[in-house]
Amino acid sequence: MTTRRQQRVAEQVRHELSELIEREINDPRLELISITDATVSSDLREVNVYISSLQGEAARAEVLAGLEAARGFLRRRLGERLKLRVVPNLHFHWDKSLETGDRISRLIDQIEEADARQSDAAGRSL
């Protein structure tokens, strides 16, 4: 069960990391990325950060490598910005939910097209 404090810390970490990546990191691998979610452990020592990129799955390895390279800098800057006793360890993960959502949307479109063709065929046979 996620506590209100965990949710607040996760949202603050997500917001601060987004700003840091956008304004203070000049790594071309980290362009066009967004932090989609962050989850914090119950002891507030670990944060799982979920990332997606407008470049899609093709950029996954490069984006995660760029974030790994910047992990120490990001953690240090978070420590300066957050009012926490312990600065959490950052764990970056690729967020597959956007690709999954896109795939589901395409499948629904295909089903609707098939239904429309069946309706047209049934209407012509009458």
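**Close-up 1. Five arginines, R4, R5, R8, R45 and R85, form a positive patch on the surface.** This is a predicted model, where local features need pLDDT of at least 70, side-chain atom pairs count only at pLDDT 80 or more, and totals for chains, interfaces and linings use all residues. Residues are numbered from 1 along each chain as its sequence is written, and side-chain values use heavy atoms, with hydrogens and water left out. A patch here takes residues with over 30% relative accessible area and no salt bridge, joining like charges within 9 Å (nonpolar side chains, Val, Leu, Ile, Met, Phe, Trp and Tyr, are joined within 5 Å). Lys and Arg count as positive, Asp and Glu as negative, while His and the chain ends are not counted. Each charge is placed at NZ of Lys, CZ of Arg, CG of Asp or CD of Glu. Accessible areas come from the Shrake-Rupley method with a 1.4 Å probe, and for residues only the protein chains shown count as cover. Look for R5 in helix α1, which covers residues 4-24. Its relative accessibility is 40%, so R5 counts as partly exposed (buried is under 20%, exposed is over 50%, and partly exposed is in between).

**Close-up 2. D109, E112, E113 and D115 make a negative patch on the surface.** D109 sits in helix α3, residues 97-125. With 38% relative accessibility, D109 is partly exposed.

**Close-up 3. R81 pairs with E19 and also with E24.** Side chains of opposite charge can pair when their charged atoms come close. A salt bridge is called when a side-chain nitrogen of Lys or Arg is within 4 Å of a carboxyl oxygen of Asp or Glu. For R81 and E19, the N to O distance is 3.4 Å. R81 is in helix α2 (residues 60-81) and E19 is in helix α1, so this pair ties together parts 62 residues apart in sequence. For R81 and E24, the N to O distance is 3.1 Å. E24 also belongs to helix α1, so its bridge to R81 in helix α2 ties together parts 57 residues apart in sequence. R81 is partly exposed at 25% relative accessible area, E19 is partly exposed at 23%, and E24 is partly exposed at 30%. Step back a little and you'll find a network of salt bridges linking E16, E19, R23, E24, R77, E80 and R81.

**Close-up 4. D27 and R29 form a salt bridge.** Their closest N and O atoms are 2.8 Å apart. Is D27 buried or exposed? D27 is buried, with a relative accessible area of 17%, whereas R29 is partly exposed at 30%. Across the whole structure, a search finds 10 salt bridges.

**Close-up 5. Pulling back, the protein chain shows three helices and three strands.** From the N terminus on, the elements run α-β-β-α-β-α (helices are DSSP runs of H or I with at least four residues, strands are runs of E with at least two, numbered from the N terminus). The radius of gyration is 21 Å, well over the 14 Å that the globule rule gives for 126 residues, so the chain is more spread out than a compact globule. That radius is taken over C-alpha atoms, and the rule is 2.2 Å times the number of residues to the power 0.38. Along its principal axes, the C-alpha trace spans about 75 × 35 × 20 Å. Buried residues make up 29% of the 126 residues.

Notes: Buried means under 20% relative accessible area, exposed over 50%, partly exposed in between (1.4 Å probe, protein chains only).
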